[in-house]
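User: I'm new to reading protein models and would love some help with one part of this one. Could you take a close look at a single helix and then at the core beside it?

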Amino acid sequence: MKKAIYILLFLLSYTAYSQSLSVFRVDASNFPTIKAKFIAFDSSGNQITNLNPSDFEVKENGVSRLVTYVSCPEPKPIQNVSIAMSIDVSGSMAGSISGEIPVELGKTTARELCKSVQMPPSEFALQTCDSKALIIQDFTTDKAKLLSKIDPITAYGENDFVEHLMNRLTGLLNIAKNGKYKRVAVLYTDAWWYPLADNELQDCKDTCLKYNIQFFAVIYSRPEAESNGIKQSLQLLADETGGYLYDGVTSTQAAEEIANCLQLQAQDDSPCGIEWQSVFSCKSELTNVEIKLYPNNRKRKTSFQIPNSSLAKLEIIPTSLKLKNATPGIKKDTTIAATARNADFNVTNITSSNPAYTVTPTSFFLTSGQSQNLTVSYIPADSGYTYTKFTIENDNCTSEFYASGGYPGKRAKIKTLKLIQPNGSETYVVGMDTIITWEGVLPEEKVKIEYTTNNGTNWIQVADSATGLSCNWLVPKTPSNLCLARVTANLGYEYSGCDDGELQICNQVWMCANLDVITYRDGTPIPEVTDRSVWAYLTTGAWCYYNNDPELGAIYGKLYNWYAVNDPRGLAPEGWHIPTDSEWSELSNCLGGESIAGGKLKSKGTIENGDGLWYSPNLSASNESKFSALPGGYLLNIGFYMIGNLGNWWSATENDAKNALVRRLGNTSPSLNRGNYQKLNGLSVRCVKD
């Protein structure tokens, strides 16, 4: 695929407008060999073709590179052309870029292109567009007439690139299709707008292919601006039609010299080629290139991006470790591999952002292609979610890998998730493409990204399950100086809890988690009873953890007997109550009935797959209701049973002197079953709002 052509001018002197050097179509696909096309003109306006490698100096990021090949083909006969030109007259074209006005730069290129093409026999048409496309001059061979129509053009309006390109009568491509000779469409714009929809872009491509239109775009803004907006659409259209996109045109001289390139390419003369040798790099960011041509003392800047397959890196497999269910205080080890790619690596140290995680060895040397096994050790302090980033220090480029630990469903005691960009100091232009970044979770772990334009009163979702520690974002048309952004972890499994503590299902509002209180509503302590022989004879309220394990209690909540549920001092917090049997039935009915409601209540995933807390098959679990029911098991008078298989919840409704009504969920059923348990049993409790 052709790349955007970056034309950035840094000239020491200027003796004649026609003496120039233009560099474009940089190709790094055979890295470290880099190829590019160029066109050079002497002071008389003639193309320079008798060149060799010693006529050039090439620097990458200020470092000289070896030029290995230069070639210029024999000139082809000049073709007659029908060139339809369009100047963007939206309001942004009247702004300033590097001290220049984009609409004036566009007019400069248009004038110089007209001057460089022999008329007649070739012909030109001229159109402008903001939110409406207007034909300023239909195809003519009268050069003076055309030039007189360019001078009065000013920028003042809105944007509509569909109108600009495809208006049935006045769109640029529909003007170009009526040309007599080789059909060429040239768009002069600053490219500050949204990309075309897929069907809109396809309509443009179809028109160009049907009528043999070669499309060119000249962008009067810095090359880093709006790379994924309308610029991307214009690049794809140029690629499809054999044209080019010239980017980064920010000076009058560049605007003039682009006209020479347009004339040469539109009339089928072939550009020259140059090759040089680059060196390895660890980064996928743009490499800045400066090319100097000694015969006319001209310099040009461009850039390229190294293909990912050619990057030098210390490859870590796997790059992320999930050390789940590690016993607190007991070391857990695992092994990973480090492999040198495209370069030798001398590792001098490996550091961890969390002292609970260590790695050995921390120093070693690898030649390209060689591997080293590393042992990662983790000693958890508790069962909560933890995270670390390992940083590998070496003589080439810093590498990283990640690890996390903890029981599924257990939140972190120390929050590590952090929004990196935006950080509160940025100003973004509507339609600008930017990147949101974060850290503190594994790259594959999902996060929700939101922004607000009213200082947090309302939040608008950007993505609900972004991964990779970064997310592309096209700035929306919602101008404000009260903007904030936030990122929220979604650790790849569903837990019994939510940020604001409550959840509406149909006409009811439920707590998001199983009850986990140790006092009644009036502050009276509820006894914790860990001795099952004592528990079996209670007739008053009590609670315990499953297996008397606080770590499990942190996930599933407490188990209560029904005497605590029924205590007049109130088990539920103020504003809440224990649901009656009829309220459980209301929940069941609103979710489609007892036979399917259970699947809509159960959290998704399985223990076997490492993404949930239910044993397989966790039948029909969709968690459509967001209730996130967990299989917390229960306590009978003879022991704890069925954690991972069953979830059981009390109702406030008594059945008889010894029993009360309950609801049950199981891993092998989609049903929400109604049952009858002895009051002395220990079950989970989920409250409903008054």
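Analyst: Here is a walk along helix H5, followed by a visit to the largest nonpolar core. This is a predicted model, where local features need pLDDT of at least 70 and side-chain atom pairs count only at pLDDT 80 or more, while totals for chains, interfaces and linings use all residues. Residues are numbered from 1 along each chain as its sequence is written, and side-chain values use heavy atoms, leaving out hydrogens and water.

Let's begin with H5, which covers residues 198-210. Helices (H or I, at least four residues) and strands (E, at least two) are DSSP runs, numbered from the N terminus. With 13 residues, H5 reaches 18 Å from its first C-alpha to its last. That is close to the 18 Å expected at 1.5 Å a residue, where the expected span is 1.5 Å times one less than the number of residues.

Now see which residues hide. Leu201, Cys204, Lys205, Thr207 and Cys208 of H5 are buried. Buried means under 20% relative accessible area, exposed over 50%, and partly exposed in between, with a 1.4 Å probe and protein chains only. Looking down the axis of H5, you would find its buried residues within an arc of 160°, so they line one face of the helix. The arc is that of the directions from the helix axis to the C-beta atoms. A general rule helps here: an α-helix has 3.6 residues a turn, so residues three or four places apart point the same way.

The face turned away from that buried side carries the exposed residues Asp198, Asn199 and Lys210. On the buried side, H5 packs against helix H3 (161-166), helix H4 (172-176), E11 and helix H6 (230-241), contact meaning heavy atoms within 4.5 Å. After H5 comes Asn212, with a positive phi near 55°.

Strand E11 (213-219) leads us on, as one of the elements that each supply at least two residues of the largest nonpolar core. Such a core is a set of buried Ala, Val, Leu, Ile, Met, Phe, Trp, Tyr and Cys residues joined through side-chain atoms within 4.5 Å. This one has 40 residues, and Ile83, Met85, Leu113 and Tyr188 touch the most other members. Helix H7 gives the most to this core, with eight residues. Try finding Leu113 on screen: among the residues it touches are Ile83, Met85, Phe124 and Tyr188, not counting residues up to four places away in sequence.
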